[in-house]
Amino acid sequence: MILRQVRDTPADAAAVREIAGAAFRALPGGSALPPESAAEITAHLARTRHLAVTDPEGCWLAEEDGRAVGFALSMRREGLWMLSLFAVLPQAQGKGIGKLLLEAAAAHGRGCLRGMICASPDPGAARRYRMAGFTLHPTMKLSGRVDRTGLLDAGDIPVHPGNATHKHLLDSVDRRLRGAAHGPEHDFMLAHYDELLIADTLAGSGYCYRVGGAVKLLAATSKRLAVRLLREALARVPDGTDARVEHLTAEQEWAVDVGLELGLTLESTGYLALRGMKPPAPYLPSGGFL
Ligand SMILES: CC(C)(COP(=O)(O)OP(=O)(O)OC[C@H]1O[C@@H](n2cnc3c(N)ncnc32)[C@H](O)[C@@H]1OP(=O)(O)O)[C@@H](O)C(=O)NCCC(=O)NCCS
């Protein structure tokens, strides 16, 4: 088995997607995962290539007999190390490949005091993260059709679509909430997600992204702004599409309450694994860009 850096090539992006698909579908309930849309496939491939360019030393592929069997994609932003995606083919699991990949990726975060991972419920993953010193915060997700009768009162805080001219604002909110800007990930999300919503008032600022039914990342300087942004994002989920809000720790009860009020179903999922930091709040991390 050899480890090598992930390259910015269609072949490596396809290998990462194939391994992730096989590994996540093998988890309990994974066979019920809906097929990815064309846009999701494009974004998945593009994410691997984005990180191979921004963080080549954080992105590793394991090969056996010339075949890719596992990978870890990680990134480092302003003293915060994050694991974006991590998987090993089911038939190659339990042999220490994940441990080696995680160690290689974590070496990229050497010197970072803080770390963040949106972890699946996989017991092997939880073991690896805890043994690497992460605190495991159990997470929930909200999903289902939005009950639009609950949306009649839009509230008095203005929310408007954002674009690349708002990047300084986004990075400032990121630094306040999680101690590090998303930087180049905002370019990625602006290019690949359906919309960016901004609330910028004298009392504070916040933003969130929506792609299809999923609210991907939400950061705000107050719960009041966060609630307003989440309600607006859910109001914009297309008719006939299920909404999805993931990676909610107990600190995000404001979001749980919004979801329950709008008829969404609450379930437990995996963990938000954190090192050297408390769960940011009010904040809904992006699984891939944290
Ligand atoms: C998480 C994952 C990448 C780990 O890869 P791997 O090659 O199996 O990892 P390793 O063999 O190095 O380590 C797995 C550890 O979990 C343990 N483990 C595996 N299944 C377990 C279970 N059901 N209960 C408890 N421990 C378990 C193994 O014994 C091993 O621990 P050890 O080395 O201390 O003995 C892989 O299991 C995977 O792809 N899972 C599905 C996708 C996923 O959830 N990815 C993480 C996203 S956050």
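Which residue does Ser143 stand opposite in β11? In this predicted model, the residue opposite Ser143 in β11 is Arg244.

**View 1. Strand β6 pairs with β11 and with β12.** Strand β6 covers residues 135–144 and runs antiparallel to β12, residues 265–275. Eight bridges join β6 and β12. Strand β11, residues 243–248, pairs with β6 as well, over four bridges and again in the antiparallel sense. Ser143 takes part on both sides: Thr265 is its bridge partner in β12, and Arg244 stands opposite it in β11.

**View 2. Elements that form the shell around the ligand.** The ligand has 23 residues around it. Three helices, α1 (10–25), α3 (97–107) and α4 (123–131), each supply at least two residues of this shell. The strands β4 (80–88) and β5 (114–119) likewise each supply at least two. The largest share comes from α4, with six residues. Sorted by class, the shell has twelve nonpolar residues, six polar residues and five charged residues. The residues that come nearest to the ligand are Phe86, Gly94, Ser120, Arg127 and Arg128.

**View 3. Contacts of ligand oxygen atoms with Val88, Gln93 and Gly98.** At Val88, a backbone N or O atom lies 2.9 Å from an oxygen atom of the ligand. At Gln93, the contact is made by the side chain, with an N or O atom 3.2 Å from a ligand oxygen. At Gly98, the backbone is again involved, and the distance between its N or O atom and an oxygen atom of the ligand is 2.8 Å. On its own the ligand has 950 Å² of accessible area, of which the protein covers 74%.

**View 4. Cysteines without disulfides.** A search of the whole structure returns zero disulfides. For Cys112, the nearest cysteine sulfur belongs to Cys59 and is 14 Å away. Cys112 is buried, because its relative accessible area of 13% falls under the 20% cut-off. For Cys208, the closest cysteine sulfur is that of Cys118, at 16 Å. A disulfide needs two sulfur atoms within 2.5 Å, so the sulfur of Cys208 is too far from that of Cys118 for a bond. Cys208 is also buried, with a relative accessible area of 0%.

Definitions and conventions: Residues numbered from 1 in each chain as written. Predicted model: local features only at pLDDT ≥ 70, side-chain atom pairs only at ≥ 80, totals over all residues. Heavy atoms only, no water. Buried < 20%, exposed > 50% of the residue type's maximum accessible area, 1.4 Å probe, protein only. Pairing = 2+ DSSP bridges. Near = heavy atom within 4 Å. Polar contact = N/O pair within 3.5 Å; in protein donor to acceptor, adjacent residues only side chain to side chain. Areas by Shrake-Rupley, 256 points an atom, 1.4 Å probe, with all protein chains shown as cover. Nonpolar A, V, L, I, M, F, W, Y, C, P; charged D, E, K, R; others polar.
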